[in-house]
Amino acid sequence: MKSFTVRLHQDGTIMVPKVIQDALNLRKGDYLNFLEIEGLIILTSKNPKVPQLIEKITTIREEEDVTLEELLEGLEHERKMIYQEKYE
């Protein structure tokens, strides 16, 4: 998992790092979506399915009694497994 620091400017704008813009094929004028989950902010490219997905994830998490930390650890594990399958 990579982490990037951005600064909130006085007018409320942020600059998305170039490496992220390139990786997600973001262009000037594209819309992005902020998701807030229990104090965690996730920035995604705008996708009409995002609100439905976050609602489903929250419902499943609550039904399965999975904490946000456990979910994030599981996502990191899955990412590593996919990377290994694809590149190793």
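Which residues line the second largest pocket? The views below take that up after a look at the whole chain, which is a predicted model.

**Figure 1. The whole protein, with its three helices and two strands.** Going along the sequence, the order is α-β-β-α-α. Put a box around the C-alpha atoms along the principal axes and you get roughly 40 × 35 × 25 Å. The radius of gyration comes out at 15 Å, whereas a compact globule of 88 residues would sit near 12 Å. Not much is tucked away here: 11% of the 88 residues are buried. As for contacts between residues at least 6 apart in sequence, 18% of them join residues at least 24 apart.

**Figure 2. Close-up of the second largest pocket.** Here's the answer to the opening question: the lining consists of Val16, Gln21, Leu26, Arg27, Lys28, Asp30 and Leu32. By type, that gives three nonpolar residues, one polar and three charged. The space inside amounts to about 160 Å³. Keep an eye on Leu32, one of the lining residues, as Leu32 turns up again in the next view, paired with Ser45.

**Figure 3. The hairpin made by strand 1 and strand 2.** Strand 1 covers residues 32-37 and strand 2 covers residues 40-45. The two run antiparallel and are held in register by six bridges. One of the residues to pick out is Leu32, whose bridge partner in strand 2 is Ser45. Just two residues separate the strands, and Glu38, in that turn, has a positive phi of about 50°.

**Figure 4. Asn25, in the loop between helix 1 and strand 1.** Helix 1 spans 18-23, and Asn25 falls in the loop that leads from there to strand 1. What catches the eye is the backbone: Asn25 isn't a glycine, yet its phi is positive, at about 55°. Most residues other than glycine have a negative phi. On the surface side of things, Asn25 is partly exposed, with a relative accessible area of 48%.

**Figure 5. Asp65, in the loop between helix 2 and helix 3.** Helix 2 takes up 50-64 and helix 3 takes up 68-87, with Asp65 in the loop between them. Asp65 is another non-glycine residue with a positive phi, again about 55°. Is Asp65 buried or exposed? Asp65 counts as exposed because its relative accessibility is 67%, and the cut-off for exposed is over 50%.

How values were computed: Residues numbered from 1 in each chain as written. Predicted model: local features only at pLDDT ≥ 70, side-chain atom pairs only at ≥ 80, totals over all residues. Heavy atoms only, no water. Pairing = 2+ DSSP bridges. Helix = DSSP H or I, 4+ residues; strand = E, 2+ residues; numbered from the N terminus. 1 Å grid on protein atoms, 1.4 Å probe; cavity = no way out; pocket = protein on both sides within 12 Å on 5 of 7 lines; lining within 4 Å. Points joined across faces, edges and corners; volume = space filled by probe spheres on them. Nonpolar A, V, L, I, M, F, W, Y, C, P; charged D, E, K, R; others polar. Rg over C-alpha atoms; globule rule 2.2 N^0.38 Å. Buried < 20%, exposed > 50% of the residue type's maximum accessible area, 1.4 Å probe, protein only. Contact = heavy atoms within 4.5 Å.
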